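The following exercises ask the student to reason from a structure to a conclusion. Each task is followed by a worked solution.

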Amino acid sequence: MNREIIVDYYSDVLCVWAWIAQPRLDELARQWQGRVTVNHHFVDVFGDAHRKIPERWGADDGYQRFNEHVRHCAEPFDASAVHERCWLDVQPRSSAQAHLLLRAVGLVAGAQALANLALVIRRAFFCEAQDVSDMELLLELAGEARIDVQALRDSLRDGSALAAYSSDLRRAADLGVRGSPTWILNEGRQTLYGNVGYRILHANIEELLSHPEDEASWC
């Protein structure tokens with residue numbers, strides 16, 4: 001009997017390391033099709049970017065220094081291009097708007113539409129330096145992806161998207177998620193955090209697939 005492995009993936013759409021991890025998500029889907037399901041969740045790393053970046057990188061030249069850091073991080077990864085003006089010409093105030101919209105997408109159009117639009121939003125920011133904290137831009141991107149924009153507005157208005165996003169943040173705290181990206185496997189027993197190479201992900205998933213469920217605990 002084939003087992004299905006659930007991966008709970010926590011990220012922030014403005015996190016460069018989550019952008020770098022995107023090809024690993026794509027490879028998981030390709031290699032383990034039908035056996036591994038990735039559930040996307042969101043964690044607050046850049047919820048208040050206009051406070052975070054100047055505090056950590058400098059009040060005067062913080063965005064310039066952060067731009068250099070982000071481009072330096074992505075430089076070794078050919079599949080994770082970063083626009084040279086990222087964080088300079090456009091400085092998103094918060095990732096929370098995108099996370100909220102994506103939670104609405106999950107409710108309205110399902111998990112695959114959520115995953116697809118998350119990639120579109122990341123590409124809009126990192127490759128095109130667009131302001132993905134602008135809700136109207138986010139709704140425009142959703143419309144271009146053929147997602148029902150009025151249904152998204154309804155979910156935002158009635159609080160259901162906010163409730164789903166709040167659930168993500170609460171669950172992340174309960175699991176001890178430290179940042180973005182974080183991969184949670186084996187019902188919370190295994191946590192992989194940060195710039196985790198695909199070989200490590202592969203080894204952990206292969207181990208879970210090759211052992212029966214009753215070996216999860218000896219107690």
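The exercises below concern a predicted model.

**Exercise 1.** Determine how many disulfides the structure contains, and explain the result for Cys-15 and Cys-73.

*Solution.*
Step 1. A disulfide requires two cysteine sulfur atoms within 2.5 Å.
Step 2. For Cys-15, the closest cysteine sulfur belongs to Cys-73, at 9.0 Å. For Cys-73, the closest cysteine sulfur is in turn that of Cys-15.
Step 3. Because 9.0 Å is too far for a bond, Cys-15 and Cys-73 are not joined.
Step 4. A search of the whole structure accordingly yields zero disulfides.

**Exercise 2.** Classify Cys-15, Cys-73 and His-69 as buried, partly exposed or exposed.

*Solution.*
Step 1. Buried means under 20% relative accessible area, exposed means over 50%, and partly exposed lies in between.
Step 2. Cys-15 has a relative accessible area of 6%, so Cys-15 is buried.
Step 3. Cys-73 has a relative accessibility of 7% and therefore also counts as buried.
Step 4. His-69 has a relative accessible area of 27%, so His-69 is partly exposed.
Step 5. As to its location, His-69 lies in helix H3, which spans residues 62-74.

**Exercise 3.** Describe how strands E3 and E4 are arranged.

*Solution.*
Step 1. Strand E3 comprises residues 182-185, and strand E4 comprises residues 190-193.
Step 2. The two strands pair in the antiparallel sense, over four bridges.
Step 3. Within this pairing, Trp-183 has Leu-192 of E4 as its bridge partner.
Step 4. Four residues stand between the strands of the hairpin, where Asn-186 adopts a positive phi near 55°.

How values were computed: Residues are numbered from 1 along each chain as its sequence is written. This is a predicted model: local features need pLDDT of at least 70, side-chain atom pairs count only at pLDDT 80 or more; totals for chains, interfaces and linings use all residues. Side-chain values use heavy atoms; hydrogens and water are left out. Buried means under 20% relative accessible area, exposed over 50%, partly exposed in between (1.4 Å probe, protein chains only). Two strands pair if DSSP finds at least two bridges between them.
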